Each structure stands twice: as C-alpha cells, then as structure tokens.
Amino acid sequence: MSEEELKHYLGEELASKYATLRDLRPVRKGDFIGVEQDKFYVQLSEEEIYELSPLAYYIWALCDGEHRVDDIARDISENARVAYYEVIEPLVVVLEEMKKAGLVAY
C-alpha cells in the first residue's frame, strides 16, 4: 500500500507515525509467565508484571528483532482477515504503550 493510500485511510498524522515505525524491528523485553482467562502475563522484573490482551500479547510475541513492524501488520491482517490499513492504528497504539512500559525496544 502506498504512502498516499495510507494517508487517505489513516489520516496524515497516523500515516506519518506509521511511516517512522514501518521498517523498525522491535525486540520484546521481559518473560512470558502465564495466561489466565485470555489475559497474558509478562514479567520485566520482580516488581513489574504486565497483563496483556490477546492482541497485545500476539504483537509482543512477534517482536523478535526479525519481524519489521510492517511484517507484524501484514501478519495480523492476514490472520485476522482484516484489511491491512485497519490493523495499523491498533498496532501503533499497542507498540507505543509497550515501548513506554519497557516491553519492547527498537
């Protein structure tokens, strides 16, 4: 999908934000410690345990330093059978929140 098409579907600000992330290869931090009733738990330290939604956990698991953000978007799009441009906003939001929490790094 071209930059112009993304701007059309996402708006200028989100398309621009995605353009800066698109080719980065995020690396997950922390350790998966378990799942309970569709809540996934990742531990950064003894004091820091995060509860992730199924989508956030799926994204976190794909952050292996090999997959580009664009690869993750395409994977989610294909597996969820949702248009590529529709997964970008939730993906960007989740990645931003996980970066703030220290769960991913670039």
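This is a walk through the sheet, the core, helix 2 and the salt bridges of the structure above.

The model is predicted, so local features need pLDDT of at least 70 and side-chain atom pairs count only at pLDDT 80 or more, while totals for chains, interfaces and linings use all residues. Residues are numbered from 1 along each chain as its sequence is written, and side-chain values use heavy atoms, with hydrogens and water left out.

Start with the sheet. Three strands form an open sheet in the order 2-3-4, with antiparallel pairing. Strands (E, at least two residues) and helices (H or I, at least four) are DSSP runs, numbered from the N terminus. Two strands pair if DSSP finds at least two bridges between them. Strand 2 (31–36) and strand 4 (49–52) are the edges. Each has a single partner strand, so one side of each is left without a neighbour in the sheet. From one strand to the next, the twist averages 25°. Axes here are lines fitted to C-alpha atoms, for helices over the stretch in contact; angles run from 0 to 180 degrees between N-to-C directions.

Now take the strand pairs. Strand 2 and strand 3 run antiparallel and are joined by 5 bridges. Asp-31 has Gln-43 of strand 3 as its bridge partner. These two strands form a hairpin with 2 residues between them. In that turn, Gln-37 has a positive phi of about 50°. Strand 3 also pairs with strand 4, in the antiparallel sense, over 4 bridges. Here the hairpin connection runs through 5 residues. Val-42 is bridged to Tyr-50 in strand 4, and Phe-40 to Leu-52 in strand 4.

Which side chains of strand 3 are buried? Phe-40 and Val-42 are; they point to one face. Lys-39, Tyr-41 and Gln-43 point to the other face and are not buried. Buried means under 20% relative accessible area, exposed over 50%, and partly exposed in between (1.4 Å probe, protein chains only). In a regular strand the side chains alternate between the two faces of the sheet. Helix 3 lies across strand 2, strand 3 and strand 4, running at about 115° to strand 4.

Next, the core. A nonpolar core is a set of buried Ala, Val, Leu, Ile, Met, Phe, Trp, Tyr and Cys residues joined through side-chain atoms within 4.5 Å. The largest one has 30 residues. Tyr-18, Leu-52, Ile-59, Trp-60, Leu-91 and Met-98 touch the most other members. Two or more residues come from each of helix 1 (3–10), helix 2 (12–21), strand 3 (39–43), helix 3 (54–62), helix 4 (69–80) and helix 5 (84–101). Helix 5 gives the largest share, 9 residues. Leu-91 touches Ile-59, Val-69, Ile-72, Ala-73 and Ile-76, not counting residues up to four places away in sequence. Contact means heavy atoms within 4.5 Å.

Helix 2 has two sides. Its buried residues are Leu-14, Ala-15, Tyr-18 and Leu-21. Seen down the helix axis, they fall within an arc of 120°, so they line one face of the helix. The arc is that of the directions from the helix axis to the C-beta atoms. What covers these buried residues includes helix 1, helix 4 and helix 5. On the other side of helix 2, Glu-12, Glu-13 and Thr-20 are exposed.

Finally, the charges. The structure holds 9 salt bridges, each a side-chain nitrogen of Lys or Arg within 4 Å of a carboxyl oxygen of Asp or Glu. One of them joins Glu-12 to Lys-7, with the closest N and O atoms 3.9 Å apart. Glu-12 is exposed at 55% relative accessibility, whereas Lys-7 is partly exposed at 27%.

In helix 4, Asp-70 and Arg-74 lie 4 residues apart, about one turn of the helix. Their closest N and O atoms are 2.9 Å apart in a salt bridge. Asp-70 is buried at 5% relative accessible area; Arg-74 is partly exposed at 34%.

Helix 5 holds Lys-100 and Glu-97, 3 residues apart and separated by about one helical turn. Their side chains meet in a salt bridge (3.4 Å, N to O). Lys-100 is exposed at 69% relative accessibility, and Glu-97 is partly exposed at 45%. Salt bridges that share partners also join Arg-22, Asp-23, Arg-68, Asp-70, Asp-71 and Arg-74 into one network.
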